[in-house]
Amino acid sequence: MPLADAMAVLDGGVIVEAGSPDGLYDRPALDRTMALVGFPPANFLDGRLERRDGATVCVTDLFEAPAAAGSEGPVRVGIRPEHVRVTPGPDANGHAASGAVSLPARVVLREDLGGEEIVYLEAGSITLTSVDRHELPTGDLSAATASILPEHLAIFDPATGRRIGSGRAHEGA
């Protein structure tokens with residue numbers, strides 16, 4: 001991607017989105033673009049937007065996070081693997097203090113690619129993928145914590161695939 005000024009994303013022989021490589025990766029307008037651009041592929045969760053005390057909250061089976069998005073209803077939440085941080089053991093509120101949402105997880109597989117590892121996690125019944133730059137220690141990671149900063153969430157309309165918003169940093173974080 002760094003060799004191009006512009007690129008088009010093809011899905012089934014049809015251009016679904018075009019733009020700069022960085023723009024398509026960092027701010028995809030469509031969930032399909034987020035799914036197709038980048039390796040490892042993005043994580044996706046089903047969720048919903050709710051209004052609580054005048055604020056919008058993105059609710060999934062794994063977490064709740066503040067959101068800057070449209071009206072209440074179902075959503076599809078995209079998270080790039082490099083934005084899922086894994087640490088050994090249960091969270092001792094270290095991530096919560098940084099504004100990240102934290103969830104218990106279990107590392108089920110690590111693929112060493114040389115300069116980085118692809119880490120596969122189970123969080124409840126959901127599998128997430130993370131990228132680790134060899135910061136995660138070796139050994140038993142059956143009890144780990146996955147944390148995600150809310151501002152790294154991409155929120156899409158599940159009916160159209162169009163991006164309707166993003167997560168929002170916690171107030172005061």
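Student: How is accessibility to be read, and does Asp53 count as buried or exposed?

Tutor: A residue is buried under 20% relative accessible area, exposed over 50% and partly exposed in between, as found with a 1.4 Å probe and protein chains only. Asp53, at 85% relative accessibility, is exposed. Its place is the loop between β3 and β4 (55-60). Such elements are DSSP runs numbered from the N terminus: helices are H or I with at least four residues, and strands are E with at least two.

Student: On what basis do these values rest?

Tutor: The model is predicted, so local features need pLDDT of at least 70 and side-chain atom pairs count only at pLDDT 80 or more, while totals for chains, interfaces and linings use all residues. Residues are numbered from 1 along each chain as its sequence is written, and side-chain values use heavy atoms, with hydrogens and water left out.

Student: What should one look for in the backbone angles, and what is phi of Asp53?

Tutor: Most residues other than glycine have a negative phi, and most peptide bonds are trans. Phi of Asp53 is near 50°, a positive value although the residue is not glycine. His134, likewise not a glycine, has a positive phi of about 60°. His134 sits in the loop between β10 and β11 (144-148) and is partly exposed at 39% relative accessibility.

Student: Is the peptide bond from Phe39 to Pro40 cis or trans?

Tutor: The bond from Phe39 to Pro40 is cis, with omega near -5°. Pro40 belongs to the loop between α2 and β3.

Student: How is a salt bridge recognised, and how many are there by this rule?

Tutor: A salt bridge is a side-chain nitrogen of Lys or Arg within 4 Å of a carboxyl oxygen of Asp or Glu. By this rule the count comes to 8. One of them joins Arg32 to Asp11, with the closest N and O atoms 2.8 Å apart. Because Arg32 lies in helix α2 (residues 31-36) and Asp11 in strand β1 (residues 7-11), the pair ties together parts 21 residues apart in sequence. Arg32 is partly exposed, with a relative accessible area of 36%, and Asp11 is also partly exposed, at 28%.

Student: Which residue forms a salt bridge with Arg76?

Tutor: Arg76 pairs with Asp31, and their closest N and O atoms are 2.9 Å apart. Arg76 lies in strand β6 (residues 73-79) and Asp31 in helix α2, so this pair ties together parts that are 45 residues apart in sequence. Asp31 is buried at 11% relative accessibility, whereas Arg76 is partly exposed at 26%.

Student: Which residues are linked with Arg52 in a network of salt bridges?

Tutor: The network links Arg48, Glu50, Arg52 and Glu64. Within it, Arg52 and Glu64 form a salt bridge whose closest N and O atoms are 2.6 Å apart. This pair links distant parts of the chain, with Arg52 in strand β3 (residues 43-52) and Glu64 in strand β5 (residues 64-68), 12 residues apart. Arg52 is partly exposed at 32% relative accessibility, as is Glu64 at 42%.

Student: How is a pocket found, and what lines the largest pocket?

Tutor: Rolling a probe the size of a water molecule over the atoms shows where empty space is left. On a 1 Å grid over the protein atoms alone, with a 1.4 Å probe, a pocket is an open set of points with protein on both sides within 12 Å along at least five of seven lines, and lining residues have an atom within 4 Å of a point. The lining of the largest pocket includes Val84, Arg85, Ser130, Asp132 and Leu136. The elements giving two or more residues to this lining are β7 (85-88) and β10 (126-132). The largest share, 4 residues, comes from β7.

Student: Which side chain of opposite charge is nearest to Asp132?

Tutor: Lys and Arg count as positive and Asp and Glu as negative, while His and the chain ends are not counted. The nearest such side chain is that of Arg110, 4.6 Å away; Asp132 is buried and has no salt bridge. Asp132 is in strand β10. Its side chain reaches the backbone nitrogen of His134 at 3.1 Å, and a polar atom of that side chain lies 3.1 Å from the backbone nitrogen of Leu136.

Definitions and conventions
Polar contact = N/O pair within 3.5 Å; in protein donor to acceptor, adjacent residues only side chain to side chain.
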